[in-house]
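Here are some short exercises to work through with the model open beside you. Try each one before reading its solution.

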Amino acid sequence: MASTSPNFEWDETKDQTNIEKHGVGFQFAQRAFQDENRVIAEDIAHSDTESRFFCIGEVDGNILTVRFTWRNNIIRIIGAGYWRKGKQVYEKEKKLTQDEKEAAIWWGDDPEETFTPPGHSYYLATLAIRKTR
C-alpha cells in the first residue's frame with residue numbers, strides 16, 4: 001500500500017540557521033502540516049523562479065508558520081517560526097463560517113477548484129487585511 005503522507009526535505013545548513021534564528025527545527029515544523037485546520041497560502045512576496053507557500057498550523061497550542069515549496073512531490077521546507085502574521089491569518093480562518101469558506105473557494109484563483117478569472121482572491125485578501133487594521 002502506498003503512503004499518502006507527504007515526504008519532506010530541507011537543507012541542513014538552513015535548518016541549523018532557522019533553529020538559531022527562530023528556535024524551530026524543520027523536523028519539528030513538519031507537525032504544522034498535521035493540523036486538520038491548517039491554512040495553506042501562496043507566498044507571493046518571495047521567489048520569482050518557483051511557487052512558494054505558507055503552511056500555518058497549530059502545534060502544541062501555538063501557531064507555527066512554515067514556508068515551503070513543492071518539488072517533485074516532496075515538500076521542501078525553507079523556513080519556520082512563530083510569526084504574528086501567521087497567527088492572525090490562522091485565527092481569522094477559524095472564525096469563517098462554512099458559507100464564507102465556500103465563497104472564498106468559489107472566488108479563488110485555483111483552476112482545480114474554481115472557474116473564476118485570476119485576481120479575485122488577491123482582491124478579497126486585500127479587503128480582509130484592510131478590515132483588520
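**Exercise 1. In which loop does Asn-73 lie?** Then look at its backbone angle and its exposure.

*Solution.* Keep in mind that this is a predicted model.

- Step 1: Asn-73 sits in the loop between β4 and β5, and Asn-72 lies in the loop between β4 and β5 too.
- Step 2: Check phi. Asn-73 has a positive phi of about 65° although it is not a glycine. For Asn-72, also a residue other than glycine, phi is positive and near 50°.
- Step 3: Put that in context. Most residues other than glycine have a negative phi.
- Step 4: Check exposure. The cut-off for exposed is over 50% relative accessible area. Asn-73 counts as exposed because its relative accessibility is 59%, and Asn-72 is exposed because its relative accessible area is 72%.

**Exercise 2. How many helices and strands are there in the protein, and what pattern do they follow along the sequence?**

*Solution.*

- Step 1: Count the elements: five helices and five strands.
- Step 2: Read them off along the sequence, and you get β-α-α-β-β-β-β-α-α-α.
- Step 3: Look at burial overall. The protein has 133 residues, and 29% of them count as buried.
- Step 4: Look at sequence separation. Take the contacts between residues at least 6 apart in sequence; 40% of these join residues at least 24 apart.

**Exercise 3. Which residues have the most contacts inside the largest nonpolar core?** Find the elements that build it, then follow one residue outwards.

*Solution.*

- Step 1: Start with the general idea. In soluble globular proteins, nonpolar side chains tend to be buried together.
- Step 2: Here, the largest nonpolar core has 14 residues, and Ala-29, Leu-64, Val-66 and Ile-77 have the most contacts inside it.
- Step 3: Two or more residues come from each of α2 (26-29), β3 (52-59), β4 (62-71) and β5.
- Step 4: A second, separate core has five residues, including Phe-54, Ile-56, Ile-63 and Tyr-90.
- Step 5: Now follow Ile-77. Leaving out residues up to four places away in sequence, its contacts include Phe-8, Trp-10, Phe-26, Ala-29, Gln-30 and Val-66.

**Exercise 4. Is Gln-30 buried or exposed?** Do the same for Ala-32 and compare their surroundings.

*Solution.*

- Step 1: Place them. Gln-30 is in the loop between α2 and β2, and Ala-32 is in the loop between α2 and β2 (39-42).
- Step 2: Apply the cut-off for buried, under 20% relative accessible area. Gln-30 is buried because its value is 16%. Ala-32 is buried because its value is 0%.
- Step 3: List neighbours, skipping residues up to four places away in sequence. Gln-30 touches Phe-8, Trp-10 and Ile-77. Ala-32 touches Arg-38, Cys-55, Gly-57, Val-59, Leu-64 and Val-66.
- Step 4: Add a polar detail: a polar atom of the Gln-30 side chain lies 3.4 Å from the backbone oxygen of Gln-27.

**Exercise 5. Which element gives the most to the lining of the second largest pocket?** Then pick out Asn-18.

*Solution.*

- Step 1: Size it up. The second largest pocket has a volume of about 190 Å³.
- Step 2: Sort the lining. α1 gives the most, with five residues, while α1 and β5 each supply at least two.
- Step 3: By type, the lining residues are four nonpolar, four polar and three charged.
- Step 4: Asn-18, one of the lining residues, is found in helix α1 (residues 12-22). Asn-18 counts as buried because its relative accessible area is 7%.
- Step 5: Beyond four places in sequence, Asn-18 touches Gly-23, Val-24, Phe-26, Gly-79 and Ala-80.
- Step 6: Look at both ends of α1. At its start, a side-chain oxygen of Asp-11 reaches to within 2.9 Å of the backbone nitrogen of Thr-13. After α1 comes Gly-23, with a positive phi near 75°.

**Exercise 6. Which side chain does a polar contact of 3.2 Å join to that of Arg-76?**

*Solution.*

- Step 1: Find Arg-76 in strand β5 (residues 74-81).
- Step 2: The partner is Glu-9, through its side chain.
- Step 3: Leaving aside neighbours within four places in sequence, Arg-76 also has contacts that include Trp-10, Asp-11, Arg-67 and Phe-68.

Methods: Residues are numbered from 1 along each chain as its sequence is written. This is a predicted model: local features need pLDDT of at least 70, side-chain atom pairs count only at pLDDT 80 or more; totals for chains, interfaces and linings use all residues. Side-chain values use heavy atoms; hydrogens and water are left out. Helices (H or I, at least four residues) and strands (E, at least two) are DSSP runs, numbered from the N terminus. A polar contact is a pair of N or O atoms within 3.5 Å; within protein, one must be able to donate a hydrogen and the other to accept it, and residues adjacent in sequence count only if both atoms are side-chain atoms. Contact means heavy atoms within 4.5 Å. Buried means under 20% relative accessible area, exposed over 50%, partly exposed in between (1.4 Å probe, protein chains only). A nonpolar core is a set of buried Ala, Val, Leu, Ile, Met, Phe, Trp, Tyr and Cys residues joined through side-chain atoms within 4.5 Å. On a 1 Å grid over the protein atoms alone, a cavity is a set of points where a 1.4 Å probe fits but cannot get out, and a pocket is an open set with protein on both sides within 12 Å along at least five of seven lines; lining residues have an atom within 4 Å of a point. Grid points are joined across faces, edges and corners, and a volume is the space filled by probe spheres set on the points. Ala, Val, Leu, Ile, Met, Phe, Trp, Tyr, Cys and Pro count as nonpolar, Asp, Glu, Lys and Arg as charged, and the others, Gly among them, as polar.
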